[in-house]
Amino acid sequence: MEIELELKSNSKDVGEVLDKVSQLVKKSQELGFQIDELEIESEEEKEE
């Protein structure tokens with residue numbers, strides 16, 4: 001089964017966002033999920 005999850009954050013603090021993403025990855029693995037792909041992009045990158 002494949003599950004896709006898209007998250008958005010209004011935070012401008014990259015370190016904070018990466019820390020929270022790391023926590024999500026760790027927790028998902030603890031719950032038995034396998035992460036095949038993780039993509040992070042900023043709104044500035046999307047606008048270009």
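The following paragraphs lead through a predicted model of a single chain, from its overall make-up to its helix contacts and surface patches.

The chain has two helices and zero strands. Of its 48 residues, buried ones make up 4%. The accessible surface of the chain comes to about 5100 Å², and carbon and sulfur atoms supply 48% of that area. With these totals in view, the description turns to helix α1 and the residues placed in it.

Helix α1 covers residues 14–30. One residue in this helix with little accessible area is Ser28, whose place is in α1. Ser28 has 15% relative accessibility and therefore counts as buried, since the limit for that class is under 20%. The side chain of Ser28 also makes a contact with the backbone: it reaches the backbone oxygen of Val25 at 2.8 Å. Val17 is likewise found in helix α1, but its relative accessible area is 22%, so it is classed as partly exposed. The 20% limit for buried residues explains why Val17, at 22%, does not count as buried.

Salt bridges come next. A search of the whole structure finds two of them. One joins the side chains of Glu16 and Lys20, with an N to O distance of 3.3 Å. Glu16 and Lys20 are four residues apart in helix α1, which means that about one helical turn separates them. Both partners retain some accessibility: Glu16 is partly exposed at 33% relative accessibility, and Lys20 is partly exposed with a relative accessible area of 47%.

The other salt bridge links Lys27 with Glu30, and here the closest N and O atoms are 3.9 Å apart. That distance falls within the 4 Å cut-off, and the pair therefore counts as a salt bridge. Lys27 and Glu30 also both lie in helix α1, three residues apart, a spacing of about one turn of the helix. Their exposure classes can be stated separately. Lys27 has a relative accessible area of 45% and is partly exposed, whereas Glu30, with 52%, is exposed. The class of Glu30 follows from the limit of over 50% for exposed residues, because its value is 52%.

What residues form the nonpolar patch on the surface? Val14, Leu18, Ile35, Leu38 and Ile40 form it, and together they have about 450 Å² of accessible area. Val14 has its place in helix α1 and is exposed, with a relative accessible area of 56%. Leu18 lies in helix α1 as well, and its relative accessible area of 42% makes it partly exposed. Both values are over the 30% required of a patch member, so Val14 and Leu18 meet that requirement.

Two distances relate helix α1 to Ile40. Leu18 and Ile40 are 22 residues apart in sequence, and their C-alpha atoms are 9.1 Å apart in space. Val17 and Ile40 are 23 residues apart along the chain, with a C-alpha separation of 9.8 Å. Leu18 and Ile40 are both among the residues of the nonpolar patch.

The surface also carries a patch of charged residues. A negative patch is formed by Glu2, Glu4, Glu6, Asp36, Glu37 and Glu39. Two of its members, Glu2 and Glu6, can be placed along the chain. The place of Glu2 is in the segment before α1, and its 75% relative accessibility means that it counts as exposed. Glu6 also lies in the segment before α1 and is exposed, with a relative accessible area of 61%.

How many residues apart in sequence are Glu6 and Glu39? The two are 33 residues apart in sequence, while their C-alpha atoms are 9.6 Å apart in space. Glu6 and Glu39 both belong to the negative patch.

Methods: Residues numbered from 1 in each chain as written. Predicted model: local features only at pLDDT ≥ 70, side-chain atom pairs only at ≥ 80, totals over all residues. Heavy atoms only, no water. Patch = residues over 30% accessible without salt bridge, like charges linked within 9 Å, V, L, I, M, F, W, Y side chains within 5 Å. Areas by Shrake-Rupley, 256 points an atom, 1.4 Å probe, with all protein chains shown as cover. Lys, Arg positive; Asp, Glu negative; His and termini not counted. Charge placed at Lys NZ, Arg CZ, Asp CG, Glu CD. Buried < 20%, exposed > 50% of the residue type's maximum accessible area, 1.4 Å probe, protein only. Polar contact = N/O pair within 3.5 Å; in protein donor to acceptor, adjacent residues only side chain to side chain.
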